[in-house]
Structure formats: structure tokens, C-alpha cells
Amino acid sequence: YLSQATTITLMTCDKIRASLQEFHDHKDAIIKNSLQCGEKTKHVLKHWHIPKLELMQSVAPSVEWVSSILQWSADTTEHAHIEVIKDPTSSTNNHNYDSQICRCLDRYEKCQLFDTALVLHGLTTESIPVPPVGQDTDGNDSDTCDGDECRNVTDFFNVATWLLAALPGSVPRPPHTFIAGSTAIHLNYDPSLKHIPIDTVMEQFSLPYLHGALGDYLNHEGNIAQNFHTFGGQRRSPLDIHLPFKELDVWYKIHLQQQTYHNSSKIAPMFTVHTHPPDHSLKYGRYDAVIMNIDDHWQWPSSGLQGHTIVQVCLIMCPALPRGSNGINHFSNHFLMYAQHFDIIPQGNSSVERMMGLHVLKRAMCASGSDLGEVFLLDQLRSYAHIIPCFSWKVDNCLTSDNCIHSSQSFFLNRYFDKDFFYATS
């Protein structure tokens with residue numbers, strides 16, 4: 001990842017050399033434990049005559065001689081091989097590959113030309129240049145994929161800028177696409193659940209302390225409800241505290257988009273953050289982790305994790321106006337989230353685990369033994385985060401892919417799932 005960065009500084013070169021040196025400092029342990037075996041002979045190798053390993057020796061010097069080596073990468077041709085050969089092959093019957101691949105590519109081209117014609121037609125007939133933010137009939141964004149990157153990248157930064165400049169009353173408030181720090185956040189126009197009583201939300205999402213957390217948030221924020229918020233101490237509001245609203249609008253997912261780490265003029269593919277409650281298909285629900293800003297003096301991604309924390313988002317909501325009301329409710333002008341906190345556990349003299357170079361997280365607990373959760377402005381969210389359960393030396397037989405996040409207390413923060421995230425947290 002370090003050598004594949006589009007912009008490489010002298011500090012990056014030093015990190016590349018340090019990573020390689022760390023391997024050489026400990027490689028004897030690999031041979032000592034008979035972990036280096038030949039692919040064909042399966043015998044333990046007593047040497048390190050490996051072409052790729054030898055190539056690594058020249059990475060840092062090559063960068064200093066010819067700048068970023070990414071310009072010499074074979075990624076472009078490899079990606080073309082995927083698009084032109086591998087993907088079309090998956091739709092064949094494994095016979096007569098040439099003719100079927102050509103037919104498939106021909107149909108792809110016709111579809112692309114048709115899409116282009118529709119876009120050009122829309123540009124000539126639309127009187128107002130509304131940015132392309134689509135929703136399908138199910139209320140889902142038509143250009144997104146579950147949990148991961150999108151195929152068709154919508155520039156939500158342009159959408160948010162357009163909405164911000166729109167005339168008062170011409171777009172709904174709060175805007176469902178907005179910019180928070182260096183991140184663009186997008187919610188569907190229609191919530192997944194509309195005008196749901198708070199008690200029902202507490203039961204459906206298994207959040208018994210939500211009512212008190214909303215009370216703490218409102219007491220902290222005052223009538224404006226737009227101040228910066230961080231994790232506080234003990235919850236002060238009783239669970240039956242009076243709130244100025246009785247119902248919530250709830251979203252099951254939001255979409256995040258950032259600029260690339262080394263070039264802020266380029267837009268990275270978006271990520272989807274899920275906050276889906278338990279149901280027949282998801283026994284424990286699905287709640288993703290994110291990076292949240294808790295100190296506005298530090299800006300993601302340049303600051304890394306400094307001034308930020310990792311949380312699990314359990315609920316995305318907006319206080320709903322009473323039915324039939326035309327009044328102004330300051331609290332309905334902001335999207336909120338209920339998030340549970342992870343502590344970063346120091347690893348001796350380092351902030352990361354030595355073997356994999358990953359931060360170790362542990363669920364933060366209240367004095368009562370419950371998970372530490374509070375209500376925050378959605379504006380404080382900065383990035384999707386991928387967490388991996390720490391299974392230790394022995395894995396509990398009861399853990400499955402469905403319950404491992406729900407049942408685990410310790411996690412690794414996976415910095416390798418995305419290159420831009422890796423650069424931000426390195």
C-alpha cells in the first residue's frame with residue numbers, strides 16, 4: 001500500500017524501508033519454526049531466494065529515481081483483463097468462449113450507448129440541473145451496493161453544494177445530502193420507518209437506554225441542538241425523562257463518500273453504513289462501525305485517529321414533528337445517531353498490535369455493565385470502519401458469521417480493507 005500511493009514523500013520512503021527492515025530483522029524465526037516451505041517440494045527452505053522479496057529491495061530507491069512507481073503498474077491491463085475477459089466469461093456456458101464473450105461485450109456496449117443517449121436527452125430537456133441522486137421504488141439508492149463500494153459513483157459533494165445553494169423552501173430541511181468535514185453523507189429521502197414512537201424504536205433496536213440518552217443529548221445541546229458533542233460520563237437523565245418529541249424517523253442505512261487521500265479533486269467510491277434492526281433474516285441485526293470526530297481541532301483524514309474515535313452505529317434518526325403540525329421544531333432540523341463506543345487498547349509501548357500492525361478495540365462499558373452508548377449529531381461521522389473480532393488462541397464454538405460481531409468484546413480495526421483508509425491511519 002505504501003509503495004502504491006499516488007504521492008510518495010521522503011517520509012513514505014522511510015516507512016517502506018522500515019517495513020522491509022522489520023521483516024529482515026525477524027525472518028530467522030520463520031525458518032526456525034519451519035514455516036517457509038517450497039510450493040512444489042513442500043520441504044523447508046533454508047534460503048530467501050524469492051523474486052518478489054528481492055524486488056522489494058528496489059522499491060524505495062526506484063521511487064527516488066523515477067518518482068511514483070504506480071505509473072509503471074500493470075493494474076490497468078489487469079483490470080482490462082477482468083472487464084473484457086473474466087466478467088463476460090462468467091455469463092457463458094463454458095463452451096465457445098470467443099463468440100460468447102464477443103456477444104456479451106457487444107451487449108454491454110449497446111447498454112452503455114443507450115445510457116449515454118438517455119443522459120444526453122435529459123441534459124437537453126431538463127430545465128433545472130438537478131444532480132443525479134436516484135431512488136428506486138423500494139426507497140433504496142439505485143446506484144449503490146450493499147455494504148461496500150458502488151459501481152456508478154455519484155458525486156455527493158456536488159449534490160450537497162447544490163442543495164446548500166438552493167432557494168429556501170425549494171428543498172426539504174434538513175438536507176438529506178450534506179458535507180461534514182471532508183465527508184459527504186447521503187440519506188434516502190424517505191426514512192425506513194416514519195413517525196415511530198420512541199418506545200417502539202427502543203424495543204425494535206434493543207436500545208433500552210435510548211430515551212435517557214436523548215435526554216442527555218438535549219440537556220447538553222440546549223435549544224439549538226447543533227453543538228459539537230463528545231462522549232460524556234455517567235448518564236444523568238432518567239429513562240422516563242420528558243422529551244419535546246414523541247416519535248422518530250429512522251433510516252436503516254446511510255452512504256458516505258470522501259475524496260481520495262492524495263488528491264482531494266478525485267472522488268472515492270462511496271461506502272454504505274448499515275443500522276438494520278434484528279429480523280427474521282438478521283437475528284442480531286447489522287450495525288456497522290465508523291470513525292467519528294470528537295475534537296473539531298483535528299480533521300480527518302490528515303489527522304489520522306487523533307481527535308477521533310471508533311463507534312458502532314446502532315440507530316440513525318431524526319425527531320419527527322407531531323402529526324399535522326406546521327410549527328418549527330429545532331430538533332427536527334438535524335439528523336442524529338445513537339452510537340456505542342470502542343476503546344483503543346494500547347499494546348505496550350505501541351498503539352497497534354505488533355504482529356499485524358492493527359489497533360485493538362474493546363467495547364466501552366458503563367459502570368452498570370451495559371455498553372456505553374450516546375446520541376450524537378450525524379455530522380460528526382467521518383468514515384466507514386471495518387472491524388474484525390479478536391478470536392484469541394481458541395475460538396468459541398458458538399460464534400458464527402451472524403453473531404460474531406454482536407457477541408465479541410474485542411476487535412481489530414482493519415486498516416487494510418481500503419488504501420485511503422490505510423494511508424489515513426498509518
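Guide: Contact here means heavy atoms within 4.5 Å of each other. And keep in mind that we're looking at a predicted model.

Visitor: Fair enough. Is I291 buried or exposed?

Guide: You'll find I291 in strand β8, residues 289-293. Buried means under 20% relative accessible area. I291 comes in at 0% relative accessibility, so it counts as buried.

Visitor: Which residues does I291 touch, leaving out those up to four places away in sequence?

Guide: Take V311 for a sense of place: its C-alpha is 6.5 Å from that of I291, with the two positions 20 residues apart in sequence. As for contacts, I291 touches W300, L305, H308, T309, I310, Q380, L381, R382, S383, A385 and F421.

Visitor: Which element supplies the largest share of the largest nonpolar core?

Guide: That core has 26 residues, and F205, L210, L214, L315, M317, Y338 and V375 have the most contacts inside it. At least two residues come from each of β3, α7, α8, β4, β9, β10 and β12. The largest share, five residues, is from α8.

Visitor: What does L214 touch, not counting residues up to four places away?

Guide: L214 is one of the residues with the most contacts inside the largest core. Its partners include M317 and V375, which are on that list too. In full, L214 touches I198, L243, F245, M317, L336 and V375.

Visitor: How many residues are in the second core?

Guide: This one is separate from the largest core, and F178, L187, M292 and F376 are among its members. Its count is 22 residues.

Visitor: How far apart are the C-alpha atoms of V250 and H195?

Guide: V250 belongs to strand β4, and at 0% relative accessibility it counts as buried. Beyond its sequence neighbours, V250 is in contact with P191, S192, L193, V201, F205, L315, I316 and M317. H195 is 55 residues away along the chain, yet the C-alpha separation is 8.3 Å.

Visitor: Where is the kink in α4 centred?

Guide: Helix α4 has 15 residues, 75-89, so at 1.5 Å a residue it should span 21 Å; its end C-alpha atoms are 20 Å apart, which agrees. Still, α4 has a kink of about 35°, centred on I82.

Visitor: Which element gives the most to the lining of the second largest pocket?

Guide: The second largest pocket holds about 800 Å³ of space. Its lining has 31 residues, with G285, Y287, Q312, I405 and H406 closest to the centre. Two or more lining residues come from each of β7, β9, β13, β14 and α9. With three residues, the top contributor is α9.

Conventions:
Residues are numbered from 1 along each chain as its sequence is written. This is a predicted model: local features need pLDDT of at least 70, side-chain atom pairs count only at pLDDT 80 or more; totals for chains, interfaces and linings use all residues. Side-chain values use heavy atoms; hydrogens and water are left out. A nonpolar core is a set of buried Ala, Val, Leu, Ile, Met, Phe, Trp, Tyr and Cys residues joined through side-chain atoms within 4.5 Å. Buried means under 20% relative accessible area, exposed over 50%, partly exposed in between (1.4 Å probe, protein chains only). Helices (H or I, at least four residues) and strands (E, at least two) are DSSP runs, numbered from the N terminus. The expected span of a helix is 1.5 Å times one less than its number of residues. The bend at a residue is the angle between axes fitted to the seven residues ending there and the seven starting there. On a 1 Å grid over the protein atoms alone, a cavity is a set of points where a 1.4 Å probe fits but cannot get out, and a pocket is an open set with protein on both sides within 12 Å along at least five of seven lines; lining residues have an atom within 4 Å of a point. Grid points are joined across faces, edges and corners, and a volume is the space filled by probe spheres set on the points.
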